[in-house]
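Here's a walk through a protein model, written for someone who likes to poke at backbone angles and packing. Have the viewer open as you read.

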Amino acid sequence: MAWHKLRPYAMIAPAIVIFCLFFIYPIGYMIYLSFHEWNFVSPDKQFVGMQNFASLFGEREFIEVMQNTFIYTALTVSLTIVISLLLALWLNNNGSVYSLVQGAVFSPHIISLVSVSMLWMWLMDTDYGLLNWFLNLFGLANVSWLTDPSTSLFSLVIVAVWKGIGFNTLIFIAGLQSIPRDMYEAAQLDESSKARTFWKLTLPMLSPTLFFLTIIGMINSFQVFETISIMTQGGPINSTNTFVYYIYEYGFRYFKIGYSSAAGVLLLFIVGLLTILYFKLLAKRVHYR
Amino acid sequence: MAEIILKNVSKVFNNEEVIKDLNLKIHDGSFTVLVGPSGCGKSTTLRMIAGLEKQSSGEIWIGDQLVNDTPPGKRNIAMVFQNYALYPTMTVKGNIEFGLINKKVPRHEREELIREISEIVGLTDYLNKKPQQLSGGQRQRVALARAMVKKPKVFILDEPLSNLDAKLRGQMRTELIQLHKRLGTTFVYVTHDQVEAMSMGDEIVILNKGEIQQKASPMTVYHDPNNIFTASFIGTPAMNIIDYRLMKDDLPALNGDVKYVGFRPENILISRTENTDPHSVHLFGEVVTRETLGSETIYTVKTNAGVIHCKSFIEPLDSVRHVRLQIPYEKLYFFNNQGERNRSVTIKRIEPVLVKGGR
């Protein structure tokens, strides 16, 4: 074959090789492992069929993990989107105050998640934390942010929302700025109230942005790991244990590789399914220009 | 229906006064065109009437109502924007209906109005389409329908035809004129295109640097301009404006303050042979360029008095290099030092007139 025909393939070969090596192969290997029992060191992997999956659903701990993950994702995504949309609506103005606030809101996004976790651990410390100091200032009792099972998951949501707002706000502002100004003027002349203009014009015009941020946020939240690993290690009493942390624990602490791979396959399946569902259901309602 | 009055209106943007003490009366039922070069303040004036921009000082009256503090939606006006400003997420019907729903017009009445209006503008088959599925002309119709359906007292149009191609623009121009006749509502129309202004308006307001240069009917503006700006803004090619000193020898003595002399390209008689009409200016020059436009030919002629544009409706003088130009005295306009028209200047008809020809 002539070189000019081969060249395009040669050009994309590095990307394809890397993609296969670090993406396709691990996924395939994970699926393979999920049908086996293996302790990470022994040379023989014992084929067990669907047994890993069966025990996964039989485990009460895993059902809790699923619940935690869904609650965490739903809360994080919805809160982040609502708060950043409100912020974006407020910040979508020119002026030094606005750009200052915009910069301030965005800064958490560039801080490493590990640092963020450490920072919030300190802020949320039951005895010496700044949050409780504030509560005390108003005469309120201490809250055991991370050490009480009833609040620990929400505390993690707060951290995720705090970190996510900046990026989301920025994307929302970009979306808002792409809406032509004269459309709003036409609405003014049509005697449209502020609320009606928002629901009937702004929000539909923002739907592609909203759609994008929901999907990205959902996939990210489903894979939350760093904050949990650093701040709570899934505790107390499994209350903050989520999917990826569960996989990590079973794989690399208990060395039940097959079992943890089965959970990984399930995660892949759920995230894939949700994404497809989103595209099928929401894409119809999203307005693309 | 209503007349619009602007009293001592000014507008300051970032310490720069873009509109200076504007006084303007737009007659009830008129088709008034605000025209001027970009940055002359015509759009700002329009937007102040619409209420989209707040004037820095002065009063705006629509009908018998002082609207200084009235929001745009309550001014009983409708506006057509340059980029149509349709609501992209709504259907054509939704676009037309939006304002009616906001005004709490009952459903059956809305349906009736939409049916009626969409028939007038020819959109009946497109009511369920989204704006992005429509052509430019159709979008413009939707914008018009959205404005018309509110039955406003005043229509405000901000360069509505500038995004259309030449053919469609001509067609829409005619349609707008007919629409104005049919509705009898006051139309205020902004354009930078003098052809549009001349062909559509029954009154033209020429603006420059935030000040009114002249307000009159199209023919008055054309035949009786107030100043050099108006004279050279209206008409293509523009009026020839020549420094009086360069033409002094070609003209008999004048009584009055004259700095510039102007004459329209179409009032020049162009010929290859000498002409000796005693009541005309005679110039001799060399043809620099020739633009043959079919019905007319535009010559650029270099003369002693400067470069002169001539428009001629006779067969083009193809091979001729040197031509003689003749401009009748009564077609001359005189302007003073400030560029203002000096209407009192007359040419003393002393016979015999010294005729200056060429070499």
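What follows goes from helix packing to a cavity, then on to single residues and backbone oddities. Keep in mind that this is a predicted model.

Let's start in chain A, with a pair of helices. Helix 2 of chain A covers residues 51-58 and helix 3 of chain A covers residues 60-91. How do their axes meet? They come within 5 Å and cross at roughly 75°. Since angles of 65 to 115 degrees count as roughly perpendicular, that crossing makes helix 2 of chain A roughly perpendicular to helix 3 of chain A. On the helix 2 side, the residues in the contact are A:Leu56, A:Phe57 and A:Gly58, and they meet A:Arg60, A:Phe62, A:Ile63 and A:Met66 of helix 3. Sorted by class, this contact has 5 nonpolar, 1 polar and 1 charged residues.

Next, empty space. Rolling a probe the size of a water molecule over the atoms shows where such space is left. Searching the whole structure turns up 2 cavities of 30 Å³ or more. The second largest cavity has a volume of about 50 Å³. Which residues line this second largest cavity? From chain A there are A:Ala186, A:Leu189 and A:Asp190, and from chain B there are B:Ala78, B:Met79, B:Phe81, B:Arg146, B:Ala147 and B:Lys150. The elements giving two or more residues to this lining are helix 8 of chain A, plus strand 6 (77-80) and helix 4 (136-148) of chain B. As for chemistry, the lining of the second largest cavity splits into 6 nonpolar and 3 charged residues, with no polar ones.

Now for two serines, one in each chain. A:Ser155 is found in helix 7 of chain A, which runs over residues 152-177. Is A:Ser155 buried or exposed? Its relative accessible area is 1%, and since buried means under 20%, A:Ser155 counts as buried. Setting aside neighbours within four places in sequence, A:Ser155 is in contact with A:Met124, A:Trp145 and A:Leu146.

B:Ser199, over in helix 6 (residues 194-200) of chain B, is partly exposed, with a relative accessible area of 36%. If you don't count residues up to four places away in sequence, B:Ser199 touches B:Arg173 and B:Ile177. You can also check a distance here: B:Ser199 and B:Pro218 sit 19 residues apart in sequence, and their C-alpha atoms are 8.0 Å apart in space.

Finally, the backbone. Pull up a Ramachandran plot and look for A:Glu191, whose phi is near 60°, a positive value in a residue other than glycine. Where is A:Glu191? It's in the loop between helix 8 (181-189) and helix 9 (194-222) of chain A. A:Glu191 is partly exposed, with a relative accessible area of 24%. Another positive phi in a residue other than glycine belongs to A:Phe255, with a value near 55°. A:Phe255 lies in the loop between helix 11 (243-252) and helix 12 (257-282) of chain A, and at a relative accessible area of 35% it is partly exposed.

Chain B adds a peptide bond to look at. Which residues does the cis bond join? They are B:Thr236 and B:Pro237, with omega at about -15°. B:Pro237 lies in the loop between helix 8 (228-233) and strand 11 (240-243) of chain B.

Terms used. Residues are numbered from 1 along each chain as its sequence is written. Chains are lettered from A and ligands numbered from 1 in the order in which they are written. This is a predicted model: local features need pLDDT of at least 70, side-chain atom pairs count only at pLDDT 80 or more; totals for chains, interfaces and linings use all residues. Side-chain values use heavy atoms; hydrogens and water are left out. Helices (H or I, at least four residues) and strands (E, at least two) are DSSP runs, numbered from the N terminus. Buried means under 20% relative accessible area, exposed over 50%, partly exposed in between (1.4 Å probe, protein chains only). On a 1 Å grid over the protein atoms alone, a cavity is a set of points where a 1.4 Å probe fits but cannot get out, and a pocket is an open set with protein on both sides within 12 Å along at least five of seven lines; lining residues have an atom within 4 Å of a point. Grid points are joined across faces, edges and corners, and a volume is the space filled by probe spheres set on the points. Ala, Val, Leu, Ile, Met, Phe, Trp, Tyr, Cys and Pro count as nonpolar, Asp, Glu, Lys and Arg as charged, and the others, Gly among them, as polar. Axes are lines fitted to C-alpha atoms, for helices over the stretch in contact, and angles run from 0 to 180 degrees between N-to-C directions. Angles under 35 degrees count as roughly parallel, over 145 as roughly antiparallel, 65 to 115 as roughly perpendicular and the rest as oblique. Contact means heavy atoms within 4.5 Å.
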